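Here is a brief report on one protein model. It covers confidence, overall make-up and a set of charged and polar pairs.

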Amino acid sequence: MSNSQVSERIAASKDDLDCRRFSVLRPDQVQRLSELLRRRVALRGRTTPLMGVGSEGDTSVSGCPVLRMRLRDLLHRLLEQLGRVGVAVPDVRLNGSSASFVIGGQPDQCYNDVDLLFSVDLSAPATLDKIKSAVWDSLRTCLPEGERQLQQVSMDSYIRKLVRVLESDRWSLISLGGCDEDDQFHQADDGREDADCVAMVELKFVDRMRRQFEFTVDSFQIVLESIGEEGVDETKHRRVLAESVSGSFAEAVSHLASREICTRNPEEIRGGGLLKYCRLLAEGYRPAAGIDPASLEKYMCSRFFIDFPDPELQLGKIRAYLAAHFPRRPGRLGSQQTAERRLDYLGTLRSVVQSSTICLMHRERHSILRLITLLAEEVRDSQKAVSLEPFSSGAGGWRAEQIVYGTGHFPWQLMDSIRDQRDRQRREGSGEGRRHRPLFGCIVSTSGGHIAFNCLSSMAIVRHAGVK
């Protein structure tokens, strides 16, 4: 539904609530929208146990090239490919935390991913395959020059999550990019950093969905239209409409500004709603007046354990949430800040689960609490790792002398030294270097001016320049 169609619907509506759902964006909000759509996206391939050999250019942790483009260009290419395969898209909207950022614009407000919602007709079974093909083809156009014809570059590696719901609701989700729980932002060979790029884009193709929000503060949808080659920069001169699918737009804006948690029919919120609720609490949000926190938390805890009944599923869900919403940042300070945020979040989650899991037996309750405690211990342990900064910078005369490749992962501080060693090996014809995702290592031996660092089954040996 375009902006003009929405306007016609509002004008023709006799339902006051329907009219109150919509609002026209202010100039400052339109400016934030334009800036968001101009942001660069850096999509990295999914990490797999078998790591591929890095190419000469910048590669992701999976061995596939990093896909870089502006968000508006990705959207344009996808709409173009959808049109080519015959999938009509009458309505495109910005959704989720990025839409809330555009609406609120508070200095401390941020978003970790971008959610795009496409209205499509999924009545024909073949449509989902057409959509997947269109997404693949649009990603392939983002491959670096010279690699677009390489068949070994699998578009599957860029898919973080693929969901299809074809029951009473009918929709599909394709999540692109993102970080595994142990991934960190890498620095490209040409010195560019992707720390300020959008790392994950979620594409949701919706035919019908009864509930499209969890809380009022994430209920905003901004209608996008006329996406051309130059994106939507021209929208600063046009009316851009936004909707709160929770009901009253003004009420949702008020909750966002005052950092209040409010919802309706909490029993309808899926299991992941518990994790989002705890994140809001950890960020300083509080239940709005008239909301009973105890009742709300019991509903969400019950649904979480219904949707994720065994510890393995629970662990996977929480790990994925930490990776998506508390991504690791470059540098020691960035790592410390991420650890602090993750610990605050896990402490909040543990407190809510401990006080609200009436649906669990004692053994199950103890299991989930222990699981959360272990995750917190992992975060703390990651901060106790030996700092290898002197070896990556070459300060003090130390340098990487020998690198033994295995199936493990090297400390991120040694990435530059490893890259230099890899390039030297290629020049000398001694074998192909491999690009690993990072993990902190530990000292295993010191002898004669040599220090060996063991990182699982891989090893790096550094030597002081003064030692023969």
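The text starts with confidence and then moves to the chain as a whole and to selected side chains.

**Confidence**

This is a predicted model. The protein chain has a mean pLDDT of 75. Of its residues, 65% reach 70 or more. Confidence is highest in strand 11 (residues 260-261), at a mean of 97. It is lowest in strand 14 (residues 442-447), at a mean of 47. Residues 181-192 also have pLDDT below 50. Even so, the model gives this stretch 44 contacts beyond near neighbours in sequence. Residues 227-236 stay under 50 as well. For residues 227-236 the model has 24 contacts beyond four places in sequence.

**The chain as a whole**

The protein chain has 468 residues, and 50% of them are buried. Its secondary structure comes to 14 helices and 16 strands. Take the contacts with a separation of 6 or more: residues 24 or more positions apart account for 73% of them. The chain exposes about 21400 Å². Carbon and sulfur atoms supply 51% of that area.

**Salt bridges**

Side chains of opposite charge can pair when their charged atoms come close. The structure holds 16 salt bridges. Three of them are listed here, including their N to O distances.

| Pair | N to O distance | Separation in sequence |
|---|---|---|
| Glutamate 243 and arginine 93 | 2.5 Å | 150 residues |
| Lysine 276 and aspartate 218 | 2.5 Å | 58 residues |
| Arginine 319 and glutamate 378 | 2.9 Å | 59 residues |

Which elements does the pair of glutamate 243 and arginine 93 tie together? Glutamate 243 lies in strand 10 (residues 241-244) and arginine 93 in strand 4 (residues 91-95), so the salt bridge joins parts that are 150 residues apart in sequence. Both glutamate 243 and arginine 93 are buried. The pair also belongs to a wider network of salt bridges, which links Arg21, Asp91, Arg93 and Glu243.

Lysine 276 sits in helix 8 (residues 273-282). Its partner, aspartate 218, is in the loop between strand 8 (200-208) and strand 9. The pair thus links distant parts of the chain. Are these two side chains buried or exposed? Lysine 276 has a relative accessible area of 14%, so it counts as buried. Aspartate 218 is buried too, because its value is 7%. The cut-off for buried is under 20%.

The third pair runs between helices. Arginine 319 is in helix 10 (residues 311-325), and glutamate 378 is in helix 12 (residues 362-382). This pair, too, links distant parts of the chain. Glutamate 378 is partly exposed, with a relative accessible area of 39%.

**Glutamine 221**

Strand 9 (residues 220-224) holds glutamine 221. Why does glutamine 221 count as buried? Its relative accessibility is 2%, so glutamine 221 falls in the buried class. The side chain of glutamine 221 makes a polar contact of 2.7 Å with the side chain of glutamine 212.

Beyond four places in sequence, the contacts of glutamine 221 include Leu94, Asn95, Leu117, Leu241, Ala242 and Val245. Arg93 and Glu243 are among them as well. Those two residues form the salt bridge with closest N and O atoms 2.5 Å apart. Glutamine 221 is therefore in contact with both partners of a buried salt bridge.

Conventions: Residues are numbered from 1 along each chain as its sequence is written. This is a predicted model: local features need pLDDT of at least 70, side-chain atom pairs count only at pLDDT 80 or more; totals for chains, interfaces and linings use all residues. Side-chain values use heavy atoms; hydrogens and water are left out. pLDDT is the predictor's confidence in each residue, from 0 to 100. Helices (H or I, at least four residues) and strands (E, at least two) are DSSP runs, numbered from the N terminus. Contact means heavy atoms within 4.5 Å. Buried means under 20% relative accessible area, exposed over 50%, partly exposed in between (1.4 Å probe, protein chains only). A polar contact is a pair of N or O atoms within 3.5 Å; within protein, one must be able to donate a hydrogen and the other to accept it, and residues adjacent in sequence count only if both atoms are side-chain atoms. Accessible areas come from the Shrake-Rupley method with a 1.4 Å probe; for residues, only the protein chains shown count as cover. A salt bridge is a side-chain nitrogen of Lys or Arg within 4 Å of a carboxyl oxygen of Asp or Glu.
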